[in-house]
Amino acid sequence: MSAAASDPEWRLVILESPYAGEVERNVAYARAALRDCLKRGDAPAASHLLYTQPGVLDDDDPAERATGIGAGLAWGRKAEATVVYTDRGVSRGMVAGIERAHADGRPVEYRTLEGWKP
């Protein structure tokens, strides 16, 4: 990976990327974004990937979706930044995450993945 792998000073970040719609492609993109964060020395939280796994929460159930969003927001209170990956656009959920970061006074960084084809 990089020198960041041996650096004990990981930066906690919230990762924003699309999920709904083309879920399979968006999950592949989010995984690439996670890898990019790790290579940069960031310790990312991507609740939209974690909580939507089979057997965890059902993203199509409004109550369960709200639970996942709440858990992600709670973790966000500890994050040092929000990183937004934009190659596949910015979804409504991402906009909400960006607005929450601004409301919480958390810096927002916009990123793209080199060589990613939307």
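**A walk from the pocket to the core**

Helix H3 contributes the most to the lining of the largest pocket, giving eight residues. Hello everyone, and thanks for coming. Before going further, please keep in mind that this is a predicted model.

Let's stay with that pocket for a moment. Its volume is about 800 Å³. How many residues line the largest pocket? There are 33 of them, and those lying nearest its centre are Glu 16, Ser 47, His 48, Ile 69 and Gly 93. Besides H3, which spans residues 62-76, the elements that give two or more residues to the lining are S1, helix H2 (47-50) and helix H4 (92-104).

Please find Ile 69 on the screen. Ile 69 sits in helix H3. Is Ile 69 buried or partly exposed? With a relative accessible area of 43%, Ile 69 is partly exposed. Now look across to Gly 93: 24 residues separate Ile 69 from Gly 93 along the chain, and their C-alpha atoms are 9.3 Å apart.

From the pocket, let's move to the strands. Strand S1 is a good place to start. S1 pairs with strand S2, residues 42-45, in the parallel sense, and four bridges hold that pairing. One position to look at is Leu 12, which stands opposite Ala 43 in S2. With helix H1 included, S1, H1 and S2 form a right-handed β-α-β unit.

S1 has another partner too: S1 and S3 run parallel and are joined by four bridges. Here Glu 16, which we met by the pocket centre, has Val 84 in S3 as its bridge partner.

At residue 11 of S1 we have Arg 11. Arg 11 is partly exposed, at a relative accessible area of 22%. Leaving aside neighbours within four places in sequence, its contacts include Asp 42, Ala 43, Ala 81, Glu 109 and Arg 111. For a sense of distance, take Arg 11 and Ala 96: 85 residues apart in sequence, they lie 22 Å apart in space, C-alpha to C-alpha.

Now for S3 itself. Why can we call S3 largely enclosed by the rest of the structure? Because five of its five residues are buried. Look at the side chains: Ala 81, Val 83 and Tyr 85 point one way, while Thr 82 and Val 84 point the other way, and all are buried.

S3 also pairs with strand S4, residues 108-111, in the parallel sense over four bridges. In that pairing, Thr 82 stands opposite Val 108 in S4. S3, H4 and S4 make a right-handed β-α-β unit.

Just ahead of S3, in the loop between H3 and S3, you will find Ala 79. Ala 79 counts as buried, because its relative accessibility is 12% and the cut-off is under 20%. Which residues does Ala 79 contact, leaving aside neighbours within four places in sequence? They are Leu 12, Val 13, Ile 14 and Arg 106. Ala 79 and Leu 12 are 67 residues apart in sequence, yet 4.9 Å apart in space, C-alpha to C-alpha.

That takes us to the core. In soluble globular proteins, nonpolar side chains tend to be buried together. In this model the largest nonpolar core has 14 residues, and the ones touching the most other members are Val 13, Leu 15, Cys 37, Leu 49, Val 83 and Tyr 85. At least two residues of this core come from each of strand S1 (11-16), helix H1 (23-39) and strand S3 (81-85). H1 gives the most, with five residues.

Val 13 makes a nice example. Not counting residues up to four places away in sequence, Val 13 touches Cys 37, Asp 42, Ala 43, Pro 44, Ala 45, Trp 75, Ala 79, Ala 81 and Val 83. Apart from the largest core lies another one, of five residues, among them Val 84, Met 94, Ala 101 and Val 108.

One last residue, and this one is charged. Asp 36 lies in helix H1. Is Asp 36 buried or exposed? At 17% relative accessibility, Asp 36 counts as buried. Leaving aside neighbours within four places in sequence, Asp 36 is in contact with Tyr 85, Arg 111 and Leu 113.

To recap with the structure in view: H3 gives the most to the pocket lining, H1 gives the most to the largest core, and S3 has five of its five residues buried. Thanks for listening!

Technical notes:
Residues numbered from 1 in each chain as written. Predicted model: local features only at pLDDT ≥ 70, side-chain atom pairs only at ≥ 80, totals over all residues. Heavy atoms only, no water. Core = buried A, V, L, I, M, F, W, Y, C linked by side-chain atoms within 4.5 Å. Buried < 20%, exposed > 50% of the residue type's maximum accessible area, 1.4 Å probe, protein only. Contact = heavy atoms within 4.5 Å. Pairing = 2+ DSSP bridges. Right-handed = clockwise from strand over helix to strand, strands pointing away. 1 Å grid on protein atoms, 1.4 Å probe; cavity = no way out; pocket = protein on both sides within 12 Å on 5 of 7 lines; lining within 4 Å. Points joined across faces, edges and corners; volume = space filled by probe spheres on them.
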